[in-house]
Amino acid sequence: RYGFIDEERKININTAPQDVLTRIFEVIGKVSAEEAAVFAESVVDWRDEDDDPSDNGAESAYYERLEFPYKCKNGNFEILEELLLVRGATQEIFDNVKEYITVYGEGKVNFNTAGPLVFRSLGISDDLVQKIMDYREGNDGVESTEDDNIFNSGQSVVPDLSAKASLSAEDISELNDVVNAGLVGVRSDNFRGTSYGRFKDRDMSVKIVFVVGRDETIRFWKET
């Protein structure tokens, strides 16, 4: 058995602004707004190049005082599990958000494939999220069928959606904020695959998780 999912439907924790990270941890991670904000600052400190902590963040001075000390990376996350090294992370938070975040791609969220929780994390209201989902589903109200609508470019999101739905001034403002922040994409170039296999002559199975680029480059591979 096997299956694919595109990574650009998710939020890239290497490039997401701090306010988007905060909403991810609050909306999807299910922690308080205060905890989410502190965790988001720590994530930004982990990935930035300096060793100067933000007001509520954490740099090497914090991590080196732990029982098992290590330095702050001051570089991009390479795998999702790295998030567990950041101050404030718990296994529960990671398990809640891991299907909605990525470290692959340029940081633009594919508006043709992203789900409601990702849109909410971008700062889009529930009512507008529903309008986006209705637009994508087309007249039959079912996604992934022949009558689906697609967004053609980041800059066309507002006019494309306006042609099919009634947008308020607030709706347009929300969409323009996300577009102008460089967070809107319409294409995916990285895909996560999961493959399961079972041996006929042995009581043993294998699970392979991998990420492959559109150029067929393997970016991640893990067998268990």
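This passage describes the fold, burial, salt bridges, aromatic pairs and one charged surface patch of a predicted model. Local features are reported where pLDDT is at least 70 and side-chain atom pairs where pLDDT is 80 or more, whereas totals for chains, interfaces and linings use all residues. Residues are numbered from 1 along each chain as its sequence is written, and side-chain values rest on heavy atoms, with hydrogens and water left out.

The protein chain contains eight helices and eight strands, these being DSSP runs numbered from the N terminus (H or I of at least four residues for helices, E of at least two for strands). Its C-alpha trace spans about 60 × 55 × 30 Å along the principal axes. Of the 224 residues in the protein chain, 42% are buried, where buried denotes under 20% relative accessible area, exposed over 50%, and partly exposed the range in between (1.4 Å probe, protein chains only). Accessible areas were obtained by the Shrake-Rupley method, and for residues only the protein chains shown count as cover. One buried position is I13, which has a relative accessibility of 0% and is placed in the loop between strand 2 (11-12) and helix 1 (18-28). The C-alpha atom of I13 lies 8.9 Å from that of R47, although the two residues are 34 apart along the chain.

The whole structure holds 15 salt bridges, each defined as a side-chain nitrogen of Lys or Arg within 4 Å of a carboxyl oxygen of Asp or Glu. Among them, E7 and K10 meet at an N to O distance of 2.7 Å, and both of these residues are buried. Together with R192, E7 and K10 are linked in a network of salt bridges. A further bridge joins E82 to K73, with the closest N and O atoms 3.1 Å apart; here E82 is buried at 10% relative accessible area, while K73 is partly exposed at 29%. In the bridge between D95 and K98 the closest N and O atoms are 3.7 Å apart, and the two partners are partly exposed, D95 at 36% and K98 at 32%.

Aromatic pairs were assigned to rings of Phe, Tyr and Trp (its six-membered ring) with centres within 6.5 Å, planes under 30 degrees apart being stacked, over 60 edge-to-face and the rest tilted. By this rule the count is 11 aromatic pairs. The pair of F4 and F210 is edge-to-face, because the ring centres are 5.7 Å apart and the planes stand at 85 degrees. This pair links distant parts of the chain, F4 belonging to strand 1 (residues 2-6) and F210 to strand 7 (residues 205-213), 206 residues apart. F4 is exposed at 54% relative accessibility, whereas F210 is buried at 15%. Elsewhere, ring pairs join W46, Y62, Y63, Y70 and F77 into a cluster.

On the surface, E49, D50, D51 and D52 form a negative patch. Such patches consist of residues with over 30% relative accessible area and no salt bridge, like charges being joined within 9 Å. Asp and Glu count as negative, and the place of a charge is taken as CG of Asp or CD of Glu. Within this patch, D52 is exposed at 56% relative accessibility and is found in the loop between helix 2 (33-47) and helix 3 (60-63).

Technical notes:
Patch = residues over 30% accessible without salt bridge, like charges linked within 9 Å, V, L, I, M, F, W, Y side chains within 5 Å. Areas by Shrake-Rupley, 256 points an atom, 1.4 Å probe, with all protein chains shown as cover.
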